[in-house]
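The following paragraphs lead the reader through one structure, from a single side chain outward to a sheet, a covalent link and a core. Please keep the sequence and the model in view while reading.

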Amino acid sequence: QVQLVESGGGLVQAGDSLRLSCAASGRALSNYNMGWFRQAPGKEREFVADISWSGTATSYADSVKGRFTISRDNAKNMVSLQMNMLKPEDTAVYYCAGAVSVVSKTAVYWGRGTQVTVSS
């Protein structure tokens, strides 16, 4: 089992930046592809970004490409999401995910989420 805990969410203005972090326990993250998903009010959870177990491959949703950067530190068992040029439509609960399928964009392990609110 892997336990994931997100941090770093908050209330910011459009154009600001935030950095989300995900700390893992239970097993080494280096065994898994990791990712971030988000769910806005009234919408389904959607894929944001993922990163391979080695950190050498990443992919992003079109809506965040060029603004968000996912990274990982396997030695610290952590995954991060740097979010720049935030827009009101980025407002959502952001979830860290473990054992992400790069094909289906589904995951086995989930954190409880952290709220990101972007005001216009």
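Which residues does Arg38 touch, not counting residues up to four places away in sequence? The model in which this is examined is predicted. With that exclusion, the contacts of Arg38 are Glu44, Arg45, Glu46, Val48, Ser63, Val64, Phe68, Glu89, Asp90, Ala92, Val93 and Tyr94. Arg38 itself is placed in strand β4, which covers residues 34-39. Its relative accessible area is 5%; the cut-off for a buried residue is under 20%, and Arg38 is therefore classed as buried. Two acidic partners on the contact list deserve attention. The side chain of Glu46 makes a polar contact of 2.6 Å with the side chain of Arg38, and the side chain of Asp90 is joined to that of Arg38 by a polar contact of 2.9 Å.

Phe68, another residue touched by Arg38, leads to strand β7, residues 68-73. The side chains of this strand alternate: Phe68, Ile70 and Arg72 are buried and point to one face, whereas Thr69, Ser71 and Asp73 point to the other face and are not buried. Strand β7 pairs with strand β8 (residues 78-83) in the antiparallel sense, over six bridges. Within this pairing, Ser71 faces Ser80 of β8 as its opposite residue. The two strands make a hairpin with four residues between them, and in the turn Asn77 has a positive phi of about 55°.

This hairpin belongs to a wider arrangement. An open sheet is formed by four strands in the order β1-β3-β8-β7, with antiparallel pairing. Its edge strands are β1 and β7, each of which pairs on one side only. On average, and with direction ignored, neighbouring strands of the sheet are turned by 15° against each other.

At the β1 edge, the strand spans residues 3-7 and again has two faces. Leu4 and Glu6 make up the covered face, while Gln3, Val5 and Ser7 make up the uncovered one. Five bridges connect β1 with strand β3 (residues 18-25) in the antiparallel sense. Ser7 has Ser21 in β3 as its bridge partner, and Glu6 stands opposite Cys22 of the same strand, β3.

Cys22 introduces the next feature. How many disulfides does a search of the whole structure find? The search finds one, formed by Cys22 and Cys96, whose sulfur atoms are 2.1 Å apart. The link of Cys22 and Cys96 is left-handed, with -80° about the S-S bond. Because Cys22 lies in strand β3 and Cys96 in strand β9 (residues 92-98), the pair ties together parts that are 74 residues apart in sequence. Both Cys22 and Cys96 are buried.

The account ends with the nonpolar interior. The largest nonpolar core has 34 residues, and those touching the most other members are Leu4, Trp36, Leu81, Met83 and Tyr94. At least two residues of this core come from each of β3, β4, β5 (46-51), β7, β8, β9 and β11 (114-119). Leu81 shows how several parts discussed above come into contact: residues up to four places away in sequence aside, it touches Leu18, Arg19, Leu20, Trp36, Val48, Ala49, Phe68, Thr69, Ile70 and Tyr94. Among these, Val48, Phe68 and Tyr94 are also contacts of Arg38, the residue with which this description began.

Methods: Residues numbered from 1 in each chain as written. Predicted model: local features only at pLDDT ≥ 70, side-chain atom pairs only at ≥ 80, totals over all residues. Heavy atoms only, no water. Buried < 20%, exposed > 50% of the residue type's maximum accessible area, 1.4 Å probe, protein only. Polar contact = N/O pair within 3.5 Å; in protein donor to acceptor, adjacent residues only side chain to side chain. Contact = heavy atoms within 4.5 Å. Pairing = 2+ DSSP bridges. Disulfide = S-S within 2.5 Å. Axes fitted to C-alpha atoms, helices over the stretch in contact; angles between N-to-C directions. Core = buried A, V, L, I, M, F, W, Y, C linked by side-chain atoms within 4.5 Å.
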